[in-house]
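Thanks for making room for me today. I'll put the model up on the screen, and then we can walk through a few spots in it.

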Amino acid sequence: MSGILDLLNNDIGKSIVSGVAGQTNESENKTNDVLTMALPVLMAAMKRNASTPQGAEGLMGALNSKHDGSILDNLDGLFGGGVDSSVLDDGSKILGHVLGNKQANVQNAIGAKAGVDSNSVAQILKIAAPLLLGMLGKQTREKQVSSPSGLESLLGGLLTGNSQQQEQSFLESILDADGDGSVVDDVAGMVLGGNKKKGGLGGLLGGLFGK
């Protein structure tokens, strides 16, 4: 299975990066850096939320209705006249639900790491969150996922399926502060304080969400 970061490199992903950059007046490179760090964090947070029956049911409901992937069918329309305020409001609600009171920490950490103002990071994430759920909705339909366990498996696959080439690009884009190839650990260090390794994504989410 392709990882979530591999999806950024396909045609839809490139259109998203370009469109989001245009909306936030950030360069495509900076926007891509922010999304490269943010999408796995958001995906892992959703996976954590989906680990409870109530959380999984809520996410499945969203993916089967409002976030069924149709937002990806007309990206030109989405970005053409400026992203509609309803999309931004939706994104804000998704981020609040997924990240809770750690939202500002995550935005500040990613902003510091990518060299982007945290307010711009917030705008990028507000636009990206509904698109990420749209990607999930599309994958849910394509993979015919209909159960909470299937949903958790899908999320896990998208997190672990990123290619070695993508990992290498992390290093090349100098997003990794200590040269070990794990961007998320670096973001975790900034969010949690200190340089302690927290065991990758799982550790990051544990630290961010109090487990």
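Let's begin at Leu136, which sits in helix H8. Helices here, by the way, are DSSP runs of H or I with at least four residues, strands are E runs of at least two, and both are numbered from the N terminus. Before I go on, the caveats: this is a predicted model, where local features need pLDDT of at least 70, side-chain atom pairs count only at pLDDT 80 or more, and totals for chains, interfaces and linings use all residues. Residues are numbered from 1 along each chain as its sequence is written, and side-chain values use heavy atoms, with hydrogens and water left out.

Okay, back to Leu136. Is Leu136 buried or exposed? It's buried, at a relative accessible area of 0%. For the cut-offs, buried is under 20% relative accessible area, exposed is over 50%, and partly exposed is in between, with a 1.4 Å probe and protein chains only. Leaving out residues up to four places away in sequence, Leu136 touches Met43, Met46, Leu63, Leu154, Leu155 and Leu158; contact means heavy atoms within 4.5 Å. And look at Gly69: it is 67 residues from Leu136 along the chain, yet their C-alpha atoms are separated by 7.2 Å.

Zooming out for a second. The protein chain has twelve helices and zero strands. Of its 211 residues, 49% are buried. If you take contacts between residues at least 6 apart in sequence, 74% of them join residues at least 24 apart.

Now the core. The largest nonpolar core has 54 residues, and the ones with the most contacts inside it are Ile4 and Leu131. By nonpolar core I mean a set of buried Ala, Val, Leu, Ile, Met, Phe, Trp, Tyr and Cys residues joined through side-chain atoms within 4.5 Å. In soluble globular proteins, nonpolar side chains do tend to be buried together. As for Leu131, set aside its neighbours within four places in sequence and you still find contacts with Ile16, Val20, Ile71, Leu72, Leu75, Leu78 and Phe79.

Next stop, helix H2, which runs over residues 11-24 and includes Gly13. Gly13 is buried, with a relative accessible area of 0%. Beyond four places in sequence, Gly13 touches Leu7 and Leu8. The C-alpha atoms of Gly13 and Asn32 are separated by 9.6 Å, with those positions 19 residues apart along the chain.

Thr24 is in H2 as well, and it's buried at 12% relative accessible area. What does the Thr24 side chain reach? That would be the backbone oxygen of Val20, at 2.9 Å. Not counting residues up to four places away, Thr24 also touches Thr31, Gln123, Ile124 and Ile127.

Step into the loop between H2 and H3 and you meet Asn25. Asn25 is exposed, at 72%, and has a positive phi of about 60° although it is not a glycine. Most residues other than glycine have a negative phi. Gln144 gives us another case, with a positive phi of about 55° and again no glycine. Gln144 lies in the loop between H8 and helix H9 (148-160), exposed at 70%.

On to helix H3, residues 28-49. Its 22 residues should span 32 Å at 1.5 Å a residue, and the end C-alpha atoms are 30 Å apart, so that agrees. The expected span is 1.5 Å times one less than the number of residues. There's a bend of about 25° at Ala38, with a proline, Pro40, following within four residues; the bend is the angle between axes fitted to the seven residues ending there and the seven starting there.

Last topic: salt bridges. How many does the structure hold? Two, counting a side-chain nitrogen of Lys or Arg within 4 Å of a carboxyl oxygen of Asp or Glu. One is Asp90 with Lys66, the closest N and O atoms being 3.5 Å apart. That pair links distant parts of the chain, 24 residues apart: Asp90 in helix H6 (residues 85-99), and Lys66 in the loop between helix H4 (53-64) and helix H5 (75-80). Asp90 is buried at 13%, whereas Lys66 is exposed at 58%.

The other joins Lys138 and Glu142, at 3.2 Å from N to O. Both lie in helix H8 (residues 118-142), four residues apart, about one turn of the helix. Lys138 is partly exposed at 26%, and Glu142 is partly exposed too, at 48%.

Key: A polar contact is a pair of N or O atoms within 3.5 Å; within protein, one must be able to donate a hydrogen and the other to accept it, and residues adjacent in sequence count only if both atoms are side-chain atoms.
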